[in-house]
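Could you walk me through this model in my viewer, one selection after another? I would like to know what to click on next and what I will find there.

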Amino acid sequence: MSGELDDSFARLVQRFGDRLADETVLDTLLECGGDEGRARAQLAAMASALRPTAGSHGSTTARKRVSGMLDGFVKRRRGAEASSPPGRPGPTPEPAAEAAPASCADPGPLAPGQRNALAEIMAAAPSQSAAGSPDRPRLMLLKPATVAAHVPCEFIAGVLPDDLAAALLRDMLAEALSWKPLPVVMFDKLLGSPHNTHTYVDRSRVGTQQFRYGVTSPDASDWLPSIRAAEAIVTAVVNERYGRRRLDPLEIRGQWRPDMIVANSYFGPSEHFGAHNDKLTYIGPRPVIASLTLGASRTFRIRRLALPPDLPAPTEAASDAVSGSEAPQAPLASASTVPAEAAAAISAPPDGDAQARTFDILLPHNSLLIMFPPMQERYKHELPPVGSSLTRPTGTLVPHPISGETRINLTFRMTRPEVVAAIPKCSCGAPCEMRVVIKQRETLGRYFWQCRGDKAGGKSDGQPAERDTSGGRPAGDLRCGFFQWASFGQ
Ligand SMILES: O=C(O)CCC(=O)C(=O)O
Ligand SMILES: [Fe+2]
């Protein structure tokens with residue numbers, strides 16, 4: 001977000017923050033194309049609808065809750081007015097083009113320090129983490145510097161030349177018509193993910209290797225020329241950033257070079273991708289994943305997981321005992337499976353705060369979010385639906401002139417041949433998938449091989465629901481129970 005937009009946002013929060021949720025203020029400002037005057041007029045109209053009447057002394061929290069409902073109502077109304085039919089890409093009119101002119105007086109200069117405080121929006125009340133301790137409030141990360149300060153990611157706006165980004169978006173919109181939901185196995189049933197996906201590979205590098213991210217997903221496609229052109233730029237940007245970071249022993253040495261892309265499409269506000277961390281089967285431990293957004297802007301949500309409570313901090317001498325359902329048949333393994341330095345890096349977040357916390361980043365067209373280690377080991381990420389849930393925070397959508405409400409996402413990944421070569425077969429006879437321990441402190445960050453849930457003797461290529469990557473085996477789980485620690489030659 002530019003400095004100007006930041007200042008506008010801070011001024012609007014100062015003016016309306018006691019009556020409207022910060023998300024509502026941000027949404028309105030973005031949907032007014034950053035025009036503070038128009039946003040102020042719209043927000044004033046919303047706020048006056050919420051003005052407490054004589055004798056009503058509703059708390060700020062209660063008023064903000066009502067504001068959230070109003071926000072949902074506004075979004076639903078906008079959705080109903082949108083010209084593109086749901087589920088299909090197509091141009092959507094510029095939002096709020098006919099908004100009323102500004103009618104409120106300028107609130108005046110900001111108090112010292114206020115701008116920074118407001119730029120890091122406290123967007124939600126603290127909630128309870130699974131471990132029972134209150135979470136830190138959700139933070140909206142608005143600038144590249146604050147993204148890097150809080151999560152192991154780097155955000156780059158406008159990464160591709162405009163014409164290449166537009167050409168790639170058009171190509172992907174055409175391709176996306178044949179993408180399919182990610183098949184997920186949940187409670188013994190085959191379900192489709194609430195968005196579509198497809199895999200693209202650089203066959204000149206990965207040969208005939210099969211990459212399946214779902215039970216029945218179609219074979220991967222070859223890279224298109226526009227993908228190849230984008231890949232060259234993404235690769236250069238990632239390596240430039242990666243070269244500045246301190247690597248732990250499990251990370252790749254040398255250049256990062258992607259050879260596989262998992263593409264995702266979201267046709268409209270209700271399509272989403274639930275909280276998960278990415279499968280490591282092909283990309284190995286401590287992967288780098290570069291995520292390119294094309295088309296509509298959407299909120300990307302990152303959840304820093306709480307460290308398991310009441311257990312000693314990880315040391316090389318820590319017990320290898322495994323409890324609970326995450327690793328049901330875990331043998332006692334050598335503590336050297338993950339070197340101490342690597343284990344320590346996992347539990348040290350960039351902002352020095354180990355408590356659970358949720359971060360939101362609005363990802364616009366032609367932006368790159370590089371997920372560095374230990375993003376897949378200590379965090380989950382999701383693309384939340386855009387809507388009006390009263391029970392959980394939803395995300396934002398800003399339409400794009402080419403794609404309307406459709407967002408395309410390309411995640412560039414680098415396969416690790418030595419990991420792929422080591423994929424064991426489970427008792428079903430099918431290739432295992434690799435996952436990482438994220439719930440148990442003694443074994444935190446250790447990788448293990450597990451059955452994918454394929455009882456068809458290797459004919460299909462199943463994987464449990466992404467949402468299940470936190471550990472627990474759902475009732476009716478199709479996995480055979482095979483378990484083996486993964487070792488990377490340390
Ligand atoms: O659409 C996004 O930004 C998220 C995609 C993602 O998490 C994935 O492909 O694993
Ligand atoms: Fe992901």
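Start by selecting Asn 366, which sits in the loop between β11 (357-363) and β12. This is a predicted model, so treat each stop as a feature of a prediction. Look at the backbone here: phi of Asn 366 is near 45° or 65°? The value is near 65°, which is positive in a residue other than glycine. Asn 366 counts as buried because its relative accessibility is 2%, and the cut-off for buried is under 20%.

Now jump to Arg 286, in the loop between β8 and β9 (289-295). Its phi is near 45°, again a positive value in a residue other than glycine. With 2% relative accessibility, Arg 286 counts as buried.

**The loop after β12**

Select Pro 373 and Pro 374 and show the backbone between them. The peptide bond that joins Pro 373 and Pro 374 is cis, with omega at about 0°. Pro 374 belongs to the loop between β12 and α11.

**The aromatic pairs**

How many aromatic pairs does the structure hold? There are five. Show Trp 179 and Tyr 200 as sticks for one of them: the arrangement is edge-to-face, with 6.1 Å from centre to centre and 65° between the planes. Trp 179 is in the loop between α7 (162-176) and β4 (180-186), while Tyr 200 is in strand β5 (residues 189-201), so this pair ties together parts that are 21 residues apart in sequence. Colour by accessibility if you like, and you should find both Trp 179 and Tyr 200 buried.

Next, select Tyr 242 and Phe 372. Are these rings stacked or edge-to-face? Their centres are 5.4 Å apart and their planes meet at 25°, so the pair is stacked. Tyr 242 comes from helix α9 (residues 225-242) and Phe 372 from the loop between β12 (367-371) and α11 (375-378), so the pair links distant parts of the chain, 130 residues apart. Tyr 242 has 5% relative accessibility and therefore counts as buried; Phe 372, at 0%, counts as buried too.

Then pick Phe 448, Phe 483 and Trp 485, which form one aromatic cluster. Add Arg 446 to the selection: Arg 446 lies over the face of Trp 485, 5.1 Å from the ring centre.

**The iron ion**

Centre the view on the iron ion (ligand 2). Which residues coordinate the iron ion? They are His 276 through NE2, Asp 278 through OD and His 381 through NE2, at 2.0 to 2.1 Å. Along the sequence, these donor residues follow the spacing H-x1-D-x102-H.

Stay with His 276, which is placed in strand β8 (residues 273-276). Its relative accessibility is 3%, so His 276 counts as buried. Asp 278 is buried as well. Draw a distance between the two side chains and you will find a polar contact of 3.0 Å joining His 276 and Asp 278.

**Ligand 1**

Select ligand 1 and bring up the residues around it. The surrounding residues are Asn 264, Tyr 266, Phe 273, His 276, Asp 278, Phe 300, His 381, Arg 407, Asn 409, Thr 411 and Arg 413. You have already met His 276, Asp 278 and His 381 at the iron ion.

Three distances are worth drawing here. An oxygen atom of ligand 1 is 2.5 Å from an N or O atom in the side chain of Tyr 266. For the side chain of His 276, the distance from an N or O atom to an oxygen atom of ligand 1 is 3.0 Å. Arg 413 places a polar side-chain atom 3.1 Å from an oxygen atom of ligand 1. How much of ligand 1 does the protein bury? On its own, ligand 1 exposes 290 Å², and the protein buries 98% of that.

**Last stop: Leu 444**

Finish at Leu 444, in the loop between β16 (433-436) and β17 (447-450). Leu 444 counts as buried, at 5% relative accessibility. Show Ile 346 alongside it: the two residues are 98 apart along the chain, with their C-alpha atoms separated by 8.2 Å.

Definitions and conventions
Residues are numbered from 1 along each chain as its sequence is written. Chains are lettered from A and ligands numbered from 1 in the order in which they are written. This is a predicted model: local features need pLDDT of at least 70, side-chain atom pairs count only at pLDDT 80 or more; totals for chains, interfaces and linings use all residues. Side-chain values use heavy atoms; hydrogens and water are left out. Donors are N, O and S atoms within 2.8 Å of the metal (3.2 Å for Na, K and Ca); water is not among the atoms, so sites may look incomplete. Buried means under 20% relative accessible area, exposed over 50%, partly exposed in between (1.4 Å probe, protein chains only). Rings of Phe, Tyr and Trp (its six-membered ring) pair if their centres lie within 6.5 Å; planes under 30 degrees apart count as stacked, over 60 as edge-to-face and the rest as tilted. Helices (H or I, at least four residues) and strands (E, at least two) are DSSP runs, numbered from the N terminus. A charge sits over a ring if NZ of Lys or CZ of Arg is within 6 Å of the ring centre and within 35 degrees of the ring normal. A residue is near a molecule or strand if one of its heavy atoms lies within 4 Å of it. A polar contact is a pair of N or O atoms within 3.5 Å; within protein, one must be able to donate a hydrogen and the other to accept it, and residues adjacent in sequence count only if both atoms are side-chain atoms. Accessible areas come from the Shrake-Rupley method with a 1.4 Å probe; for residues, only the protein chains shown count as cover.
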